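Here's a quick briefing to read with the model open beside you. It goes from the cavities to a few helices and then to some single residues.

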Amino acid sequence: MATNNSSDNVNNKDNSEISLDLTNELKKESIIQKFVKNTKENYIEIELNHKYKESSIIIPTTVIKKKKNNEGWNYFKESVRKELRDYGISREHINQITTVLSRNYKLVSEINDNDDDNNNSTYDNSEQELVSEDQGEEEERKFLPQVLVELVLENSIKLFKDEFKVPHIQVILGDHYETLPIDSTKFKRYLLKLYYDTKDGKIANTEAVNSAISQLESKAFYEGRTIPLHLRVAWANPDTTDTIYYDLSDEKNRCIKITKDGWEIVENQTDVLFRRYDNLIPQVEPIRSPTTTTSIDSMYGIDSKMFDEFISLFNIKPNKENTAEDIKLLLKCYIISLPIPEIPKPIKLLHGEQGGAKSTFQELIKMLIDPSVTQTLTFPRDSNEFIQQLSHNYIAYYDNVSVIQDWISDLLCRAVTGSSFSKRALYTNDDDIYYNFKRIIGINGIDLAATKADLLDRSIITQTERIDKKDRLKIKKIWEKFNQLKPYVLGYIFDILAKVLRYKEEHGEIDFPNGLNRMADWEEYAEIISRCMGNPDGEFQRVYQENTGVQVDEAIESSHLSQTILEFMTEEIVIGTDEATGNEIKNIREE
């Protein structure tokens, strides 16, 4: 219980009161004038200075012996914490005060059962010396796992499990929140540092840390709510799809919040939580387009100059159906659509001869929307590694691909559409690790590597041509230009997405007289994006449908083998044997 007695009423010392040693931090801050155990009346008394209204808090210790094993001690410490919290003591000071109790465990937990003052076994100086610092530290080590758990809970926002029942925690890290898997190296480091900083430089032993982590995992699994985690982008509410969060993945844990009224940078939001893998690079802070404000009403004259300059960095070759301007429109709508959560996006198939800057093409898009240590990837040898790779990258672009194996093609289709994946956790048990995600996929190569109809149906195709020597730029110059444009390009993308959300609210679903293609959800959003950029209704769909119409032709044209067979079929050659036929095909290919 807390009393509001002034210090004049509580300074009557007798030999039944024994002072408890304060931590260096408490001594330095001088918030406690008196911290004693009354061995006669079995209570501790904490007398505070003017920072906490010069009051005294008295808490009985008899509960320690009334419960079995460590339950009494744990209950007592929790009572102390509650009393201190109710009295307005700061979290930092509560942690320091409970540290003092743990150091003085033997003295605090000793209970006097004799009410006779003459027979009362009071502590004299010699007895107090027996309660040595080593003994206090030994008791603290005994309860260290519990101390660590309490310390974490005092410095956390929420304990929960994700959609796959994996325990997580959202902790307070400096001036921001961070979400960590409890069974992770990053959380273990956080726990060690938290204890070190709070306990005057003490180091927690590995056994206690592992025990505390196990206890926190159990608590999160059985008591925590289920909260889905996202990578890079998320709807605030998947049912209403009216607010997009884009994770900047920076040290301040900031996000871009996009609504029909515009976009803003927000800190420490808890509407949606994001996964933060080590490969992610912090995003730059976007800059609003020159003619825009935070209000969507002024966004209908958005300046696209910076975005057009960015698009000019890409090497684009027209095809049979699409002009260069058509391909640019397709590319613009594709890029702006990438932050829209949960809709399947088409696979970006890029092909062309050597020297066409295909890798740079992919890297620019990746570093604009999903900056990462690894800009492009290579196909792994087994499905487990492939699933791991996809789970850690919102945009997964594969470089210099010549052949796509059937099992990879199947997994790519599932990753684009959205599907569940699993892999075995350990060979020593039957536990599985589950994944469920939609990913943005891109593939480049000299030939068009995708040949299966299922993959082509989910794709948009872009061809590059060899860059002339006089037009070729050094890589350093390209990236310097990119870094100058990037904040403005991001701002433009978010401006357009805000307009898209407004358009969706005002018009609902739009009609497509010519029907929809395989990637119907994306096609609708891309058409709206095109309209919000000022293009005529139906312009995007025309370009997109023309692009899908050349998929088979481009697949054949980009394949040397297919071209050889076509040429062989057009020649009037009489072949007598299989060997002769094979030789003729070989000669045509060599020519």
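By class, which residues make up the lining of the largest cavity? The count is four nonpolar, four polar and two charged residues. Keep in mind that you're looking at a predicted model. The protein chain has 591 residues, and buried ones make up 50% of them.

**The chain as a whole**
- DSSP-style bookkeeping aside, expect plenty of both element types, with 22 helices and 21 strands in the protein chain.
- Take the contacts between residues at least 6 apart in sequence: 67% of them join residues at least 24 apart.

**The largest cavity**
- The structure holds three cavities of 30 Å³ or more, and the largest has a volume of about 70 Å³.
- Its lining is made up of Gln170, Thr179, Asp247, Asn253, Cys255, Gln269, Val272, Leu273, Phe274 and Arg276.
- Asn253, one of those lining residues, sits in the loop between strand E12 (244-247) and strand E13 (254-259).
- Asn253 also has a phi near 60°, a positive value in a residue other than glycine.
- Is Asn253 buried or exposed? With a relative accessible area of 15%, Asn253 counts as buried, because the cut-off for buried is under 20%.

**The second largest cavity**
- About 50 Å³ of space lies in this one.
- Around it you'll find Lys77, Arg81, Asn95, Thr98, Thr99, Ser102, Val147, Glu150, Leu151 and Lys199.
- Three elements give two or more residues to that lining: helix H3 (71-86), helix H4 (91-103) and helix H8 (144-154).
- H4 gives the most, with four residues.
- By class, this lining has two nonpolar, four polar and four charged residues.

**Helix H10, with a buried side**
- H10 covers residues 206-223, which makes 18 residues. From first C-alpha to last it reaches 25 Å, close to the 26 Å expected at 1.5 Å a residue.
- Which residues of H10 are buried? They are Ala208, Val209, Ala212, Ile213, Leu216 and Ala220.
- Those buried residues cover an arc of only 135° around the axis, which puts them on the same side of H10.
- The general helix rule helps here: an α-helix has 3.6 residues a turn, so residues three or four places apart point the same way.
- Glu207 and Tyr222 are exposed, and they're carried on the face of H10 turned away from its buried side.
- The cover over the buried residues of H10 includes H8, strand E6 (156-161), strand E7 (167-173) and helix H9 (185-198).
- H8 is thus worth a second look, since it also gives two or more residues to the lining of the second largest cavity.

**Helix H12, largely enclosed**
- H12 runs over residues 324-337, and its 14 residues should span 20 Å at 1.5 Å a residue. Its end C-alpha atoms are 20 Å apart, which agrees.
- Why is H12 described as largely enclosed by the rest of the structure? Because 11 of its 14 residues are buried.
- The buried set in H12 is Asp326, Ile327, Leu329, Leu330, Leu331, Lys332, Cys333, Tyr334, Ile335, Ile336 and Ser337.

**Two residues of helix H14**
- Phe386 is in helix H14, and it's buried, with a relative accessible area of 0%.
- What does Phe386 touch, leaving aside residues up to four places away in sequence? Its contacts are Phe379, Pro380, Tyr398, Trp407, Ile408, Leu411 and Leu412.
- Leu412 is 26 residues from Phe386 along the chain, and their C-alpha atoms are separated by 9.7 Å.
- Ser391 is found in H14 too, a helix that covers residues 383-391.
- Ser391 is buried, at a relative accessible area of 3%.
- Not counting residues up to four places away in sequence, Ser391 touches Leu231, Tyr277, Tyr435, Phe437 and Arg439.

**One more positive phi**
- Lys165 has a phi near 70°, a positive value in a residue other than glycine.
- You'll find Lys165 in the loop between E6 and E7, and both of those strands are among the elements covering the buried residues of H10.

Terms used: Residues are numbered from 1 along each chain as its sequence is written. This is a predicted model: local features need pLDDT of at least 70, side-chain atom pairs count only at pLDDT 80 or more; totals for chains, interfaces and linings use all residues. Side-chain values use heavy atoms; hydrogens and water are left out. On a 1 Å grid over the protein atoms alone, a cavity is a set of points where a 1.4 Å probe fits but cannot get out, and a pocket is an open set with protein on both sides within 12 Å along at least five of seven lines; lining residues have an atom within 4 Å of a point. Grid points are joined across faces, edges and corners, and a volume is the space filled by probe spheres set on the points. Ala, Val, Leu, Ile, Met, Phe, Trp, Tyr, Cys and Pro count as nonpolar, Asp, Glu, Lys and Arg as charged, and the others, Gly among them, as polar. The expected span of a helix is 1.5 Å times one less than its number of residues. Buried means under 20% relative accessible area, exposed over 50%, partly exposed in between (1.4 Å probe, protein chains only). The arc is that of the directions from the helix axis to the C-beta atoms. Contact means heavy atoms within 4.5 Å.
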